[in-house]
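Colleague: Before we discuss this chain in detail, could you take me through its side-chain pairs, backbone and surface one question at a time?

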Amino acid sequence: MALIPFWEGCPEAISLDTGNSMPAASPSPRFRLPAVILTGIVGAWLLVLGFGFGGETVSTVVSDFGLAAAALGAALACALTARRESGRSRTFWALLSVSSLWWGAGQLLWPWYDFHLHREIPLPSLADVGYLSSIVFAIAALASVPIGLTTISGRLRTLIDGFMIAAALLVTSWVTILDPVYKANRDATLAAVITLAYPIGDVIVITIALHVLLRARQAHRRAATPLRLLTAGLFAMAVSDSGFAYTTATGSYAPGLLDTGWFVGYVLVALAAIGHRSGESLAPAEGIEATRPLGLLLPYAAVGLAILTTSVEYVRHGYGSGFVFWARTFLIVAMVVRQVLTLRENLGLTKHLESRVVERTTELRASEQRFHALVQHSSDVVTVVDLDGTILYQSDSIQRVFGYEPEALVGLRIGELLDTPHEVQLLEGLWHAAGEAGRTRVVELPVKHSDGRACLAEITITNLRENPHVGGLVLNTRDISERKALEDQLVHEAFHDSLTGLANRALFKERVHSVLQRRGLREIAVLFLDLDGFKEVNDSLGHAAGDQLLVAAAARLRICARAEDTVARLGGDEFALLIEDIANDTEPVKLAERITEAFADPFKVDGKELHVRGSIGIATNRDVEDVDQLLRNADLAMYRAKGSRCGYECYDPGMHSDLVERLQVSSDLRDALEQEQFVLHYQPLLSLTSGTITGVEALVRWQHPERGLVPPNDFIPLAEETGLIRPLGQWLLEEACRQAVEWQREGPLTMSVNISAVQLRQPGFVEDVEGALERTGIDPSTLVLEMTESVLLEHSVENLTTLQRLKETGVQLALDDFGTGYSSLGYLHQFPVDILKIDRSFVMQMGADSSRESELVRTIVRMGEGLKLVTVAEGIEDHHQFLALKRLGCDFGQGFYFARPVPPAEIGVLLGHPVAAFALEP
């Protein structure tokens with residue numbers, strides 16, 4: 001019978017690919033159960049064959065069919081493993097499967113002879129074809145494992161080691177088995193050859209297995225574990241082969257324990273295939289030589305075994321065969337050649353080591369010089385000190401950075417470069433770093449320069465006291481004075497206004513937040529200030545003048561504030577002051593009064609004196625949760641202060657309620673446009689001479705579903721702020737023109753529509769007017785657009801261009817509330833105005849005994865006559881005012897004395913009916 005030269009039943013999974021070894025893993029669950037089952041089968045085998053349970057017939061049946069089943073099961077397991085592998089691993093498992101299959105096929109002939117033919121199987125027979133073929137495929141499987149050697153000497157020495165082991169084993173086998181077998185079958189040459197082929201094949205297989213085992217042990221110890229078990233199995237199977245050959249030659253073979261080696265071998269092959277996991281390599285890494293003691297001694301151990309065996313044989317029989325003589329001669333020659341190759345290898349290795357030592361020494365010297373150059377020319381100053389600060393080593397870079405000679409500092413205490421408090425801080429850092437090897441600590445200290453100035457330095461302390469090449473604490477010092485100055489500058493710029501030098505919004509909010517977080521302080525106050533008229537200064541004098549005004553305002557705020565107060569510019573013309581720890585509510589009010597008095601004096605900008613007032617809002621942290629809420633309260637108070645005579649206002653919760661209401665009104669305003677909640681009321685315009693209604697003024701009202709009829713003063717400013725004034729103005733203009741066209745069918749009538757300065761500045765306003773004229777078909781000359789005097793003062797150039805374009809459409813332009821402006825008379829002759837509407841404040845003061853107001857109105861009327869402008873008096877509420885205006889020559893009038901603003905239906909009743917009673921004098 002033949003030997004299958006492999007076993008792989010260890011927990012580690014191995015692969016025959018040339019990759020590196022994978023870490024060993026514990027046996028997987030799929031491996032444990034088959035191992036337990038196969039162990040039980042082996043135990044049952046031993047009980048039956050070892051103790052002869054069931055008699056000779058049972059032993060024969062178990063031996064014949066059990067061996068065949070074990071071989072065929074191993075073939076199936078190896079085939080399944082080969083199917084999921086690739087490369088050399090697949091080749092190995094496939095060859096191993098074929099080897100087991102051939103052996104199992106040969107073994108199946110034994111039951112045929114034992115139970116069918118009832119005679120012993122002949123020698124030779126077809127069974128020998130299967131057994132010997134299995135040896136060939138087993139050798140091929142082991143040969144597929146690469147040896148991984150690189151040098152020629154190493155390969156030759158390994159080859160000689162294999163020959164020496166094979167020869168020694170062959171000699172041992174010849175003395176113990178082969179020679180008796182050869183002599184027993186000398187007459188049957190073919191039977192002798194076949195009988196000798198089994199142990200010779202065993203020798204070859206064991207030699208290759210030992211060689212693979214040695215290579216695997218030096219590549220990775222884990223991969224050698226299955227090969228150790230494999231080699232043990234090979235010896236067990238070799239014993240069965242050799243015993244079978246010997247007992248067959250002597251005619252004493254019988255099924256029993258002799259068959260156990262084959263059975264266990266195939267069981268282990270099957271178990272190895274079942275438990276195999278891909279990814280681990282059995283092959284050694286490229287270039288690895290056999291350097292382990294066992295690898296060096298194994299060939300000599302095999303030779304020693306052969307010498308011992310032949311010596312015992314010589315002592316027993318007194319002679320030796322020619323085969324033994326020549327085999328021993330070969331072993332001696334092989335040992336000599338091996339020693340020569342080993343010596344040559346050692347000489348080559350010595351030369352290689354010498355060259356590597358020279359190369360390494362050169363590298364170390366270059367590395368040392370490179371390190372020395374880097375240290376000496378580094379921007380860091382490297383200092384080595386002991387625990388008390390004495391300088392043990394000082395790099396040359398200290399002369400470039402701090403101006404000291406390095407040699408002069410060695411032996412001195414590093415504290416001499418520091419002030420006393422900072423020396424203590426550095427020593428504390430040294431003691432802290434010395435507590436643990438490799439620990440680092442970073443400190444920032446001022447180091448004295450040789451010229452006497454202090455340089456801020458960053459010192460990194462590293463504990464290298466346990467390093468024999470250093471033996472101290474290493475200080476890496478760098479001058480960070482410029483970096484710190486730059487950082488301070490960047491921080492200052494990040495938190496201060498670049499124009500005025502005051503704190504900016506970010507710093508102001510941070511300080512307010514910090515104060516609010518403290519406990520135990522009294523109240524704080526924030527003053528929010530806005531420059532009134534700053535926009536006009538920017539528009540009229542330019543942004544440079546505006547910047548000068550901001551700088552001057554900031555300087556006055558600094559003077560008014562206390563040293564501990566924070567003054568900030570929040571952006572644009574907005575300023576804020578933080579007053580900490582106020583004693584009472586009057587303290588921030590007094591500060592606001594000081595600021596108001598300071599701003600009462602004119603500012604000199606570009607040689608001009610500018611009167612700019614500041615509106616101040618005051619808020620305290622009473623019932624305030626955060627910074628944003630405090631600033632919001634002060635902002636609300638500031639907007640309330642714009643309408644205050646004193647120029648400042650304190651926050652009260654009602655201001656927030658007003659803001660919430662404004663937001664609600666703003667939201668309702670958008671809905672009103674979509675839901676058409678706006679209506680127009682009309683107030684008649686009468687000729688003061690005839691009492692005839694010559695025109696009407698359209699006045700918008702908001703028919704709110706909850707608040708009722710809302711007057712325009714309550715929502716027009718909000719519409720201007722939210723941008724809704726344009727769609728509202730478009731609707732108002734077109735609705736008024738449509739209504740005017742309907743009334744003009746009964747007689748001539750003008751329609752007056754109010755427009756705001758915001759509308760006038762919006763792009764496309766002229767196009768909106770042209771579109772309304774075209775869509776309604778109204779005569780442009782009957783449409784009067786009324787505007788306040790503010791259009792003459794704000795954006796005068798742009799407004800003048802827009803008014804000229806409006807005049808080109810044919811409409812009339814009226815100046816509403818005339819007489820209340822500061823500079824309107826100077827601009828009046830430049831603007832294409834047709835009508836002057838005298839402000840109601842002048843008319844209300846007129847009466848029988850009011851000569852002063854009458855003279856003012858007379859002046860306006862005469863100016864209108866001189867400029868060929870129509871004059872209209874607003875707010876006529878009694879008969880005396882009517883008669884006075886008529887005597888002064890005013891052309892037209894309107895007011896509650898004649899009619900209040902009424903819906904369109906009521907205006908229709910009055911149209912075309914002169915009111916003669918108004919024209920009668922008392």
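**Charged pairs, a pocket and two loops**

Colleague: What is the relative accessible area of glutamate 735?

Modeller: Glutamate 735 is partly exposed, a class that runs between buried (under 20% relative accessible area) and exposed (over 50%), with a 1.4 Å probe and protein chains only. This is a predicted model, in which local features need pLDDT of at least 70 and side-chain atom pairs count only at pLDDT 80 or more, while totals for chains, interfaces and linings use all residues. Residues are numbered from 1 along each chain as its sequence is written, and side-chain values use heavy atoms, without hydrogens or water. For glutamate 735, the relative accessible area is 24%.

Colleague: Which residue forms a salt bridge with glutamate 735?

Modeller: A salt bridge here is a side-chain nitrogen of Lys or Arg within 4 Å of a carboxyl oxygen of Asp or Glu, and in this pair the closest N and O atoms are 2.5 Å apart. The two residues are 3 apart in helix H23, and so are separated by about one helical turn; helices (H or I, at least four residues) and strands (E, at least two) are DSSP runs, numbered from the N terminus. The partner, itself partly exposed at 39% relative accessibility, is arginine 738.

Colleague: How many residues apart are glutamate 734 and arginine 775, the other pair that involves helix H23?

Modeller: Their side chains meet in a salt bridge, at 3.0 Å from N to O. Glutamate 734 counts as partly exposed because its relative accessibility is 28%, whereas arginine 775 is exposed, with a relative accessible area of 57%. Glutamate 734 lies in helix H23 and arginine 775 in helix H25 (residues 765-776), and the pair links distant parts of the chain, 41 residues apart.

Colleague: Which residue forms a salt bridge with lysine 837?

Modeller: Side chains of opposite charge can pair when their charged atoms come close. In this pair the closest N and O atoms are 3.3 Å apart; lysine 837 counts as buried at 3% relative accessibility, and its partner counts as buried at 6%. Lysine 837 lies in strand S19 (residues 835-838) and the partner in strand S14, so the pair ties together parts that are 140 residues apart in sequence. That partner is glutamate 697.

Colleague: How many salt bridges does the structure hold?

Modeller: Beside the pairs already described, Arg562, Glu564, Asp565 and Glu587 are linked in a network of salt bridges. For the structure, the total is 22.

Colleague: What is the volume of the second largest pocket?

Modeller: A pocket is an open set of points on a 1 Å grid over the protein atoms alone, where a 1.4 Å probe fits, with protein on both sides within 12 Å along at least five of seven lines, and lining residues have an atom within 4 Å of a point. This pocket is lined by 39 residues, of which Glu697, Leu699, Pro712, Asn713 and Asn754 lie nearest its centre, and the elements that give two or more residues to the lining include strand S14 (693-704) and helix H23 (725-743). Grid points are joined across faces, edges and corners, and a volume is the space filled by probe spheres set on the points. For the second largest pocket, the volume is about 970 Å³.

Colleague: What is the phi of glutamate 676?

Modeller: Most residues other than glycine have a negative phi. Glutamate 676, in the loop between helix H21 (653-675) and strand S13 (678-687), is exposed, with a relative accessible area of 69%. Although glutamate 676 is not a glycine, its phi is positive, at about 55°.

Colleague: Which residue in the loop between strand S8 (574-579) and helix H19 (586-600) has a positive phi?

Modeller: The residue counts as partly exposed because its relative accessibility is 33%. Its phi is about 55° although it is not a glycine. The residue in that loop is aspartate 581.

Colleague: How far apart are the C-alpha atoms of glycine 729 and aspartate 768?

Modeller: Glycine 729 is placed in helix H23 and counts as buried because its relative accessibility is 15%. The two residues are 39 apart along the chain, and their C-alpha atoms are separated by 9.1 Å.
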